[in-house]
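Here are some short exercises to work through with the model open beside you. Try each task first, then follow the solution step by step.

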Amino acid sequence: VDTVRSLVQTYPQHEFYFIVGADTVNDLPNWHKIKEIIRFIKFIGVHRPSVQLAPIPSWINQGLIWIKEEIGISVSSSYIRQNIGNRNLLQYVLPTDVYQYIEENRLYAD
């Protein structure tokens with residue numbers, strides 16, 4: 001919430017969006033200070049074929065923008081974090097440029 005608040009104060013002329021997968025949409029009611037966050041930014045939810053949507057409170061659903069089309073990759077950030085130790089696996093499930101970016105920038109490194 002501090003980052004969101006800072007972005008809005010620093011760039012008041014811009015609109016901010018948070019793009020999340022359906023698994024994260026399910027978890028939004030549990031986010032710290034979510035009611036304050038949704039006052040500042042809009043969430044864009046991306047459907048995932050492997051995720052069953054939970055009932056979403058109307059106060060979240062009102063401002064939620066859904067991308068109904070499936071995207072070309074079905075790997076979540078949670079999956080990447082859980083499997084980061086197995087880099088051989090990740091190079092086969094991620095697009096090459098994404099995998100290279102993770103490697104070059106030492107993302108998820110210990």
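pLDDT is the predictor's confidence in each residue, on a scale from 0 to 100. Helices (H or I, at least four residues) and strands (E, at least two) are DSSP runs, numbered from the N terminus. This is a predicted model, in which local features need a pLDDT of at least 70 and side-chain atom pairs count only at 80 or more, while totals for chains, interfaces and linings use all residues. Residues are numbered from 1 along each chain as its sequence is written, and side-chain values use heavy atoms, with hydrogens and water left out.

**Exercise 1. Find where confidence is lowest and where it is highest in the protein chain.**

Step 1: Start with the whole chain, which averages a pLDDT of 84, with 91% of the residues scoring at least 70.
Step 2: Now go to the extremes: helix α6 (residues 87-93) has the lowest confidence, with a mean of 73, and helix α1 (residues 2-10) the highest, at 94.
Step 3: Keep a caution in mind: where pLDDT is low, the predicted coordinates should not be read in detail.

**Exercise 2. Work out the order of the elements and of the strands in the sheet.**

Step 1: Count seven helices and three strands in the protein chain.
Step 2: Walk from the N terminus, and the elements read α-β-α-α-β-α-β-α-α-α.
Step 3: Look at the open sheet, where the three strands are ordered β1-β2-β3 and pair in parallel; two strands pair if DSSP finds at least two bridges between them.
Step 4: Find the edges, β1 (17-21) and β3 (64-67), each of which pairs on one side only.
Step 5: Zoom in on β1 and β2 (residues 42-46), whose parallel pairing runs over five bridges. Here Y17 stands opposite K42 in β2.

**Exercise 3. Trace the three salt bridges and say which residues form one network.**

Step 1: Set the criterion: a salt bridge is a side-chain nitrogen of Lys or Arg within 4 Å of a carboxyl oxygen of Asp or Glu.
Step 2: Set the exposure classes too: buried means under 20% relative accessible area, exposed over 50%, and partly exposed in between (1.4 Å probe, protein chains only).
Step 3: Begin with D2 and R5, whose closest N and O atoms are 3.1 Å apart. Both lie in helix α1, three residues apart, about one turn of the helix. D2 is exposed at 55% relative accessibility, while R5 is partly exposed at 23%.
Step 4: Follow R5 to E36, a salt bridge of 2.5 Å from N to O. R5 lies in helix α1 and E36 in helix α3, so this pair ties together parts 31 residues apart in sequence. E36 counts as buried, at 19% relative accessibility.
Step 5: Turn to E15 and K42, which meet at 3.5 Å, N to O. E15 sits in the loop between α1 and β1 and K42 in strand β2, 27 residues apart. E15 is exposed, at 55%, and K42 partly exposed, at 36%.
Step 6: Check for shared partners: these salt bridges join D2, R5 and E36 into one network.

**Exercise 4. Which residue other than glycine has a positive phi near 55 degrees, and where is it found?**

Step 1: Recall the background: most residues other than glycine have a negative phi.
Step 2: The residue is K33, in the loop between α2 (22-27) and α3 (34-40).
Step 3: Check its surroundings: K33 is partly exposed, with 42% relative accessibility.
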